[in-house]
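Hello,

Here is the structure I promised to pass on. Have a look at it first, and then read on for what turned up.

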Amino acid sequence: KGSPMFVLAILGMIIPWLVVNHKQRQRAALLNSEIGECLTGMSNSLRAGYSFQQAIDLVSKETIGPLAIEFRRTLREINLGITTEQALHNLIQRVEDDDLELMIGAVLIQRQVGGNLAEIFDNIAETIRQRIRLQGDVKTLTAQGRISGIIVALLPVALAALIMVIDPHYMAAFFASRIGWFLIGGAIISETIGFLFMRKITDIHL
C-alpha cells in the first residue's frame, strides 16, 4: 500500500506545481501583451491634458485583464496615502515584468528630471511592439523543438497505455510489487525533468 501512495505523493507534488506554473506563464503573457496598448492609451491621455494618475485611472477603466487590475490596486494604494513612487515600486515587485519595469522606471526618472512623458511612452510602446514581433518570429523558429519535446514526453505514456491494452499481464508486474511502483515514480520524475529541460531550451527570452 505504501508504494502506490509514494507514486500518488509524487503526482500530488508535481501536478499542482505544473498547473500553477502554467497559469503564471499565461498571466504573464497576457499582461505583457497589454502593456503596449496601455502605454498608447496613457500617452494619448497625457496629450489630452490628463495627469499621470488620471491617465492610469482611465486606462484601468477602459481595459480588462491583469494589468488593469494591478493599475487599480496601485491607484487604491495612492488614494490610501502611499506615495506615488512607493506605489509604483510595489507594482513592479508584484508584477515582475521587464517591460512594465521599463515603463515605471521612465515615469520615476521623468518625475525627477522632467521631460515629455507622452513621447517617452510612445517610444517604449514601439520598442515593445518590435520585441513582441521578434518574439513571434523566434517562437515560429523554435516550434519544431517544442513539438519534439511534447512528443518525447508523451511517447512513453502512450507506449505504456498501448502495452496495457495489448497485454495487460505484462504491465501488471509493475503494479504488483514495491519495486514496480518505485520504477513508475522514477519514470514520472524523469519524464517531468526531461520535459522541463527541453521546454527551457526552446524558451528563448528577448
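A word on terms before we start: two residues are in contact when they have heavy atoms within 4.5 Å. Please also keep in mind that this is a predicted model.

Let's begin with helix 3 and helix 4. On the helix 3 side, Glu70, Phe71, Arg73, Thr74, Glu77 and Ile78 meet Thr84, Ala87, Leu88, Asn90, Leu91, Arg94 and Val95 of helix 4. Sorted by class, this contact has six nonpolar, three polar and four charged residues. The two axes come within 9 Å and cross at roughly 150°, and the crossing is right-handed.

Helix 3 (residues 66–79) also packs against helix 2 (residues 52–62), at an angle of about 140° and with the axes 9 Å apart. Angles over 145 degrees would count as roughly antiparallel, so helix 2 is oblique to helix 3. Their crossing is left-handed. Here Gln53, Ile56, Asp57, Val59 and Ser60 in helix 2 meet a set of helix 3 residues that includes Ala68, Phe71 and Leu75. Six nonpolar, three polar and two charged residues make up this contact.

Phe71 turns up once more in the largest nonpolar core, which has 29 residues: Met42, Phe71 and Phe121 touch the most other members. Helices 1, 2, 3, 4, 5 and 6 each supply at least two residues of this core. As for Phe121, leaving aside neighbours within four places in sequence, its contacts are Leu39, Met42, Ser43, Leu46, Phe52, Met103 and Val107. There is also a second, separate core of five residues, among them Ile10, Trp181, Ile184 and Ile188.

Happy exploring!

Note on methods. Residues are numbered from 1 along each chain as its sequence is written. This is a predicted model: local features need pLDDT of at least 70, side-chain atom pairs count only at pLDDT 80 or more; totals for chains, interfaces and linings use all residues. Side-chain values use heavy atoms; hydrogens and water are left out. Axes are lines fitted to C-alpha atoms, for helices over the stretch in contact, and angles run from 0 to 180 degrees between N-to-C directions. Helices (H or I, at least four residues) and strands (E, at least two) are DSSP runs, numbered from the N terminus. Angles under 35 degrees count as roughly parallel, over 145 as roughly antiparallel, 65 to 115 as roughly perpendicular and the rest as oblique. A crossing is left-handed if the near helix is turned anticlockwise from the far one by less than a right angle, and right-handed if clockwise. Ala, Val, Leu, Ile, Met, Phe, Trp, Tyr, Cys and Pro count as nonpolar, Asp, Glu, Lys and Arg as charged, and the others, Gly among them, as polar. A nonpolar core is a set of buried Ala, Val, Leu, Ile, Met, Phe, Trp, Tyr and Cys residues joined through side-chain atoms within 4.5 Å. Buried means under 20% relative accessible area, exposed over 50%, partly exposed in between (1.4 Å probe, protein chains only).
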